[in-house]
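Student: I would like to go through this structure in questions and answers. Could we start with a single strand and work outwards?

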Amino acid sequence: MKRLKTSCAAAALAAASMTVVAIPASAQTMLDAGQEVDMVLLPKFLGILVFDQAHEGAQEAHAELGNPGELLFVGPTPENSVAGQIEIMTTSATQGQGAVMLSNNAGDQIVPSAQAAQDAGTRVVTWDSPIPSGDGEDVFVAQVDFGSIGVVMADMAHSILDGSGQMAVLSATPDAANQNAWIAAMEEALEMPKYADIELVDIVYGDDQAEVSYNRALALVDQYPDLGLIMSPTTVGIQASSKAMQDEGLCEQVRVSGLGLPAEMVSYTLNGCAPEFALWDFRDLGYLTYYTAYGLATGQLSGEIGESFTAGRMGEYTIEEDPGRPGTRRILMGPFTVYNADNVEAAAQ
Amino acid sequence: MMRVLSNLNPQTLRILALLLVLTLVILFFSTQISNYLNGRLFNRISSSVAIMALIATAQTLVILTRNIDLSVGSIVGFTAFATGSLIAAFPNMNPLLLVAFSMLVGAGFGAFNGFFVAYARVPAIIVTLATMALFRSLLVEFADGKSITSSLLPQWLTSFPNTPLFEIGQFQFRAAFVVAIVIVFAVHIALQRLRVARRLYAVGSNPEAAEMAGINLKATVFVAFVCSGALAGLAGFMFLARFGNITVVAGLGFELKSVAAAVVGGVNIFGGSGTVLGALIGAILVDLIETSLVRWQLVSEFWREAVLGALILTAVALDAIVMRRLIALRAARHHEKREQKMEGTG
């Protein structure tokens with residue numbers, strides 16, 4: 001009797017497990033842990049806090065998946081970001097790395113080396129900043145929908161300027177793919193009637209360097225006496241602009257907004273220089289990127305549009321066509337948080 | 001007019017010529033950019049040039065000895081970060097001790113460069129090209145992905161650079177600018193008056209002769225690098241105070257800007273001649289052109305560097321041609337005078 005009971009239970013279990021297997025085969029893949037694959041996380045350059053946060057997220061996923069292979073975090077030094085990224089991409093292919101996770105700072109110049117890597121069997125997963133043409137890229141893990149960043153920035157501008165006024169953009173480098181896409185999305189959003197009284201007067205570039213951004217911000221104020229807002233979609237630029245406005249006592253006249261890290265922005269948000277800004281979680285971005293790259297490199301994911309998988313604690317994600325770059329594929333992470341005086345202190349901890 | 005000019009010493013002449021170019025540039029941009037000529041322009045340029053003035057001075061000390069320092073940007077970045085970490089860890093530290101720390105760190109890097117250039121006899125351009133990357137990588141390693149933010153720094157430090165010491169009309173003389181100017185003038189006077197400092201010129205203009213005269217070439221070059229490093233360290237301190245937010249890209253590109261400032265300021269790239277006062281005006285000129293180009297709508301972002309490069313080239317070429325003319329004119333007049341004298345005696 002007892003024996004029968006156990007065998008019944010076993011049969012039930014087997015049936016149950018069969019159905020469990022049957023369902024994901026049609027829709028969603030549970031990634032098998034423990035497979036060995038070496039992977040490289042390649043940021044724009046080393047030494048910026050957000051990229052280290054992404055690395056932490058990738059390390060978390062690496063441990064969780066029990067990958068006996070190696071997770072390398074390598075990047076160029078800031079002064080040769082473009083050449084350094086191409087070199088690391090090339091080296092990774094010759095080393096036979098399973099995947100390279102790239103935050104691209106080299107525009108389409110990275111394409112030949114990325115394609116060579118793919119030919120050598122290395123999967124190329126971009127995150128944070130994609131390859132503009134999509135060539136040489138398996139899939140892009142987008143932090144948020146690039147179009148919706150544009151709307152959020154336009155909305156922040158609308159609320160800070162109280163509906164009307166002049167704003168200018170202070171971006172990173174002129175060829176940063178992500179910032180350019182966000183600015184384009186914001187310009188598109190500004191066409192809507194709601195924002196009719198907001199005038200975008202200029203777009204300047206601070207090269208993601210504190211001193212350049214600081215001087216550019218002041219030059220904007222001098223150039224446009226009626227400027228009400230500087231929108232900076234980069235963590236370096238928003239901080240430098242806020243400091244510049246605070247130093248020159250201009251915070252009452254010119255506000256700052258954009259994308260920033262709560263820990264770096266908390267004082268400027270509380271004193272009113274930068275009343276509102278937004279960002280997503282870079283740890284989550286690194287975590288999701290790792291899951292995606294692991295799935296592709298171990299052959300558990302093919303990278304086709306419509307394919308779904310579960311990325312650990314973050315839940316289910318689907319590969320889809322990137323609306324911003326037709327013909328390319330992306331995984332959309334989202335959402336992001338808008339910070340203001342109410343929630344910035346808690347987030348800065 | 002020509003007579004007056006040709007009787008001035010070439011150093012003074014050069015500084016006058018630079019001031020003339022500076023005025024012309026300001027006049028040109030005032031016709032191109034609205035709201036240009038006002039006190040704000042002075043305040044902007046003076047606060048931003050305070051840092052570059054020190055770096056250009058540091059660069060000049062080394063160039064005078066027929067060398068170059070391409071690692072100044074990395075030294076500035078590293079000292080800014082290290083000084084920021086130190087004051088964040090010990091917020092009650094004595095300000096003078098903090099300044100001493102940053103100069104010491106800079107001097108240490110300078111000594112490293114100086115050792116290889118002076119004693120191992122490796123060309124300075126190679127040594128400092130290597131240490132530019134080396135010091136920057138050290139910073140990346142040391143920073144470990146963290147950045148210094150102004151919230152970590154004490155109030156006195158971040159408010160120091162912008163504290164107006166005195167005002168003349170719309171012109172504010174802020175602490176950082178005044179300190180930088182005082183230091184540049186002190187170095188200038190030392191270089192013109194002190195026997196020890198004159199050795200830099202001797203070594204740069206004719207090393208063989210300098211050695212014959214009993215000057216220790218190696219020690220002189222070594223000391224030039226150490227002093228230059230200390231000044232770059234001080235610039236790192238000023239950088240930290242002004243910007244507050246320090247990442248690993250801090251000071252990137254300063255090496256080229258400082259060389260440009262020195263060369264535009266009339267410091268001979270082959271050593272032996274030039275003044276730090278000239279380098280200061282060179283730094284002001286480069287900064288002014290850069291700031292104005294940002295506001296000049298005619299030039300797009302992508303062409304700005306090119307226009308800046310072309311302007312620097314023009315400035316240097318013009319300066320060289322005019323100086324050569326004047327020197328020739330002077331020589332001719334001397335010759336004339338001598339002939340008159342000969343005729344008189346004969």
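Student: In strand β6 (residues 139-142) of chain A, are the residues buried or exposed, and which ones point the other way from A:Val139 and A:Val141?

Tutor: This is a predicted model, in which local features need pLDDT of at least 70, side-chain atom pairs count only at pLDDT 80 or more, and totals for chains, interfaces and linings use all residues. Residues are numbered from 1 along each chain as its sequence is written, while chains are lettered from A and ligands numbered from 1 in the order in which they are written. In a regular strand the side chains alternate between the two faces of the sheet. In β6(A), all four named residues are buried (20 or more other C-beta atoms, placed from the backbone, within 10 Å of their own), and the ones pointing the other way from A:Val139 and A:Val141 are A:Phe140 and A:Ala142.

Student: Which residue of strand β14 (residues 329-332) of chain A is the bridge partner of A:Val141?

Tutor: Strands here are DSSP runs of E with at least two residues, helices are runs of H or I with at least four, and both are numbered from the N terminus. Two strands pair if DSSP finds at least two bridges between them. β6(A) pairs in the parallel sense over three bridges with strand β5 (residues 123-127) of chain A, where A:Val141 is the bridge partner of A:Trp127. β6(A) also pairs in the parallel sense over three bridges with β14(A), and there the partner of A:Val141 is A:Ile331.

Student: A:Trp127 makes me think of the core. Which residues have the most contacts inside the largest nonpolar core?

Tutor: A nonpolar core is a set of buried Ala, Val, Leu, Ile, Met, Phe, Trp, Tyr and Cys residues joined through C-beta atoms within 7 Å. The largest one has 206 residues, and helix α11 (residues 217-243) of chain B gives the most to it, with 18 residues. Leaving aside neighbours within four places in sequence, A:Met101 is in contact (C-beta atoms, placed from the backbone, within 7 Å) with residues including A:Val125, A:Trp127 and A:Ala293. The residues with the most contacts inside the core are A:Met101 and B:Ile55.

Student: How many residues of domain 2 of chain A are in contact with domain 1 of chain A?

Tutor: Chain A is divided into domain 1 (30-144 + 282-336) and domain 2 (146-279), with bounds from an automatic or database domain assignment. Their centres, taken over C-alpha atoms, are 29 Å apart. The contact takes 14 residues from domain 1 of chain A, and from domain 2 of chain A it takes 13 residues.

Student: Which helix gives the largest share of the side of chain B that touches chain A?

Tutor: The contact between the chains takes 31 residues from chain A and 30 residues from chain B. On the chain B side, α3 (39-64), α6 (124-143), α13 (276-295) and α14 (301-345) each supply at least two residues. The largest share, five residues, comes from α6(B).

Student: What is the radius of gyration of chain B?

Tutor: Chain B has 14 helices and two strands. The globule rule (2.2 Å times the number of residues to the power 0.38) gives 20 Å for its 346 residues. The value for chain B, taken over C-alpha atoms, is close to that, so chain B is as compact as a globular protein of that length, at 22 Å.

Conventions: Two residues are in contact if their C-beta atoms, placed from the backbone, lie within 7 Å. A residue is buried if 20 or more other C-beta atoms lie within 10 Å of its own, exposed if 12 or fewer, and partly exposed in between; C-beta atoms are placed from the backbone.
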